[in-house]
Amino acid sequence: QVQVVESGGGLVQPGGSLSLSCAASGSIFSINAMGWYRQAPGKQRELVAGIDSGDIVRYADSVKGRFTISRQYAENTALLQMNSLKPEDTAVYYCKVETFSQTYWGQGTQVTVSS
């Protein structure tokens, strides 16, 4: 059994910052990649940022230069630092954990950017 738990969401004003944390625990033999996705109302879930076991990162064009993903291998965690937030960043943010055989999702954390 594998658990993926996100934390750190909330309400922030435009231009503000938030940091999201993803923690994976349980019967994980080896994590290959971790990533953050988001889904706004009425829209499809989209990749925000991902990082693989070689520390290769990728970002959605809409967040490049504003968001930073990092990974803490010993703790099986991944952080998403979000700066210069915009109202269009409002969404439920989900963490995705990939092993070599399975994919796991967290329950999501709400991020709302509004004045």
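Leaving aside neighbours within four places in sequence, which residues is Phe67 in contact with? I looked this up in the model, which is predicted. Beyond that sequence window, I found Phe67 in contact with Arg38, Val48, Tyr59, Leu80, Gln81, Met82, Asn83, Leu85, Asp89 and Tyr93.

**Entry: nonpolar core**

I turned next to the largest nonpolar core, which has 30 residues. Phe67 is among those with the most contacts inside this core, together with Trp36, Val48, Leu80, Met82, Tyr93 and Val97. I then noted which elements give two or more residues to the core: β1 (2-7), β3 (18-26), β4, β5 (46-52), β7 (67-72), β8 (77-82), β9 (91-99) and β11 (109-113). In soluble globular proteins, nonpolar side chains tend to be buried together.

**Entry: aromatic pair**

I searched for paired aromatic rings, and the count came to one. The ring centres of Tyr37 and Trp105 are 5.1 Å apart with the planes at 70°, so I recorded the pair as edge-to-face; the cut-off for that class is over 60 degrees. Tyr37 belongs to strand β4 (residues 31-39) and Trp105 to strand β10 (residues 103-105), so the pair links parts of the chain 68 residues apart.

I also checked whether each partner is buried or exposed. Tyr37 has 13% relative accessibility and therefore counts as buried, whereas Trp105, at 35%, counts as partly exposed.

**Entry: Arg45 and the rings**

I examined Arg45 last. Its charged end sits over the ring of Trp105, 4.7 Å from the centre. Arg45 also lies over the face of Tyr94, at 3.7 Å from the ring centre.

Definitions and conventions:
Residues are numbered from 1 along each chain as its sequence is written. This is a predicted model: local features need pLDDT of at least 70, side-chain atom pairs count only at pLDDT 80 or more; totals for chains, interfaces and linings use all residues. Side-chain values use heavy atoms; hydrogens and water are left out. Rings of Phe, Tyr and Trp (its six-membered ring) pair if their centres lie within 6.5 Å; planes under 30 degrees apart count as stacked, over 60 as edge-to-face and the rest as tilted. Helices (H or I, at least four residues) and strands (E, at least two) are DSSP runs, numbered from the N terminus. Buried means under 20% relative accessible area, exposed over 50%, partly exposed in between (1.4 Å probe, protein chains only). A charge sits over a ring if NZ of Lys or CZ of Arg is within 6 Å of the ring centre and within 35 degrees of the ring normal. A nonpolar core is a set of buried Ala, Val, Leu, Ile, Met, Phe, Trp, Tyr and Cys residues joined through side-chain atoms within 4.5 Å. Contact means heavy atoms within 4.5 Å.
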